[in-house]
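Have the sequence and the 3D view open side by side for this one. We'll start at a single residue and work outwards from there.

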Amino acid sequence: MTVARQQVTQARRIVVKVGSSSLTTAAGGLDADRVDALVDVLAKVRSGGEKEIVLVSSGAIAAGLAPLGLARRPKDLARQQAAASVGQGLLVARYTASFARYGVRVGQVLLTSDDTSRRSHYRNAYRTLDQLFAMGAVPVINENDTVATDEIRFGDNDRLAALVAHLVRADLLVLLSDVDGLYDGDPSRPGTSRIEEVRGPGDIAHVQIGSAGKAGVGTGGMATKVEAARIAAAAGVPVVLTSAVRAADALAGRATGTYFHRTGRRSADRLLWLAHASTPQGSLTLDDGAVEAVVQGRKSLLPAGIAAVEGEFSAGDPVELRDSAGRAVARGLVNFDAKEIPQLLGRSTRELAQELGPAYEREVVHRDDLVVLVP
């Protein structure tokens, strides 16, 4: 067993993500045998009491197709949300029954990016998950597809899993799909081989990564899984990417799938969500001095450095901070509504406080709520 695979066996808190194609049939509907097979593996891993499992599960929309008489995953948002509404209940009920065979309780946690980029919501999500661990339950996490918009359209529970791994301070992320790892070409063609380890982005810079799954019930592909692995590894969490049928081998540290070495350290928790999970509701264009202060100096954004504002947003929403060329250099949570900002442009906080009151003597984006997107 390699050193990398030994780290897998030593992981105490593990996030496991499983895709729709590994849980359902192409016609829609849950495959009970597949669900039970996955639960058998996860229950065995945590049976000694030394390991904790978080399950990030796709499949809500796919599970709702057959009950609603839908032949395939709908393209329009309204019917996707309807399918998710029906399927989510079926999905968690199936997990509840399957884990109950081992006397294990599950707790459903539905998240959106808004729940995890805002400070108070982020703390609430962490407290809920931490308490589920303390009470011996297995959190089953999914995006809140019934009310989400961009989340469904983007369809990326792989990214959600990477962010959850960081949120719960996991020691390992395991991404399960219908492919047994990352290949150096199309795995269906002769002559391609599985990449066993990735130590950094340069190791796979030459690889043409596909974007579509096989079964047609999910929306994630290899591209989203590799991006999720990159996010997690950069946040200090190693990743194993393999197929659901080889989950037991992966969690036992055997040489299956592709192992992504950690490439960075843990950053401030919310900032990872802000960078990768938030959807900007508008933008602020900065002058050159403000760009330097924010990017190089890691300073807060003050009204004096803002040249223009675009979009409709409210205080607390994520916005992009752009340079004069329109390049996004940072992202942050804004402290003012969009309609308030035009009267603040280019003015000092002292001047604004004297004219508009003490509530305006503050940053437009505080440095604690800001993440830089460029080197």
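In which strand does S243 lie? Look along β7, residues 239-243, and you'll find S243 there. Keep in mind as you look around that this is a predicted model. With a relative accessible area of just 5%, S243 is buried, because anything under 20% gets that label. Setting aside residues up to four places away in sequence, S243 touches L176, S177, D178, V179 and D180.

Now zoom out for the general layout. The chain has 13 helices and 13 strands. It runs to 375 residues, and 52% of them count as buried. If you take contacts between residues at least 6 apart in sequence, 73% of them join residues at least 24 apart. As for the outside, the chain exposes about 16700 Å², with carbon and sulfur atoms supplying 48% of that.

Next, go inside. The largest nonpolar core has 43 residues, and the ones that touch the most other members are V15, I141, V164, V168, L173 and L182. Several elements give two or more residues to this core, including β2 (52-57), β3 (106-111), β5 (172-177) and β7, the strand we began with. Helices are on that list too, among them α6 (119-134), α9 (222-234) and α11 (269-276). The element that gives the most is α8, with seven residues. There's also a second, separate core of 29 residues, which includes V16, V35, L38 and I53.

Two members of the largest core are worth a click. Pick V15 to begin with, in strand β1 (residues 13-18). Its relative accessibility is 0%, so V15 counts as buried. Leaving out residues up to four places away in sequence, V15 touches V54, V56, A161, V164, A165, V168, A170, L172, L173 and V174. Take V54 from that list: V15 and V54 are 39 residues apart in sequence, yet their C-alpha atoms are 4.6 Å apart in space.

Then pick L182. Apart from neighbours within four places in sequence, L182 is in contact with S193, R194, I195, I204, V207, I209, M222, V226, L241, T258 and F260.

Further along the chain, have a look at β9, residues 282-286. This strand is mostly covered, with five of its five residues buried. G282, L284 and L286 point one way from β9, while S283 and T285 point the other way. What does β9 pair with in the antiparallel sense? That partner is β10 (residues 306-311), joined to β9 by five bridges. Here S283 stands opposite E310 in β10. β9 also pairs with β11 (residues 318-322), this time in the parallel sense and over three bridges. In that pairing, T285 stands opposite R322 in β11.

Finally, come back out to the surface. Which residues make a nonpolar patch of about 210 Å² there? The patch is made by L68, V86 and L90. You'll find L68 in the loop between α3 (60-63) and α4 (77-100). L68 has a relative accessibility of 41%, so it counts as partly exposed. Put that beside S243, where we came in: L68 is partly exposed, whereas S243 is buried.

Key:
Residues are numbered from 1 along each chain as its sequence is written. This is a predicted model: local features need pLDDT of at least 70, side-chain atom pairs count only at pLDDT 80 or more; totals for chains, interfaces and linings use all residues. Side-chain values use heavy atoms; hydrogens and water are left out. Buried means under 20% relative accessible area, exposed over 50%, partly exposed in between (1.4 Å probe, protein chains only). Helices (H or I, at least four residues) and strands (E, at least two) are DSSP runs, numbered from the N terminus. Two strands pair if DSSP finds at least two bridges between them. Contact means heavy atoms within 4.5 Å. Patches are made of residues with over 30% relative accessible area and no salt bridge: like charges are joined within 9 Å, nonpolar side chains (Val, Leu, Ile, Met, Phe, Trp, Tyr) within 5 Å. Accessible areas come from the Shrake-Rupley method with a 1.4 Å probe; for residues, only the protein chains shown count as cover. A salt bridge is a side-chain nitrogen of Lys or Arg within 4 Å of a carboxyl oxygen of Asp or Glu. A nonpolar core is a set of buried Ala, Val, Leu, Ile, Met, Phe, Trp, Tyr and Cys residues joined through side-chain atoms within 4.5 Å.
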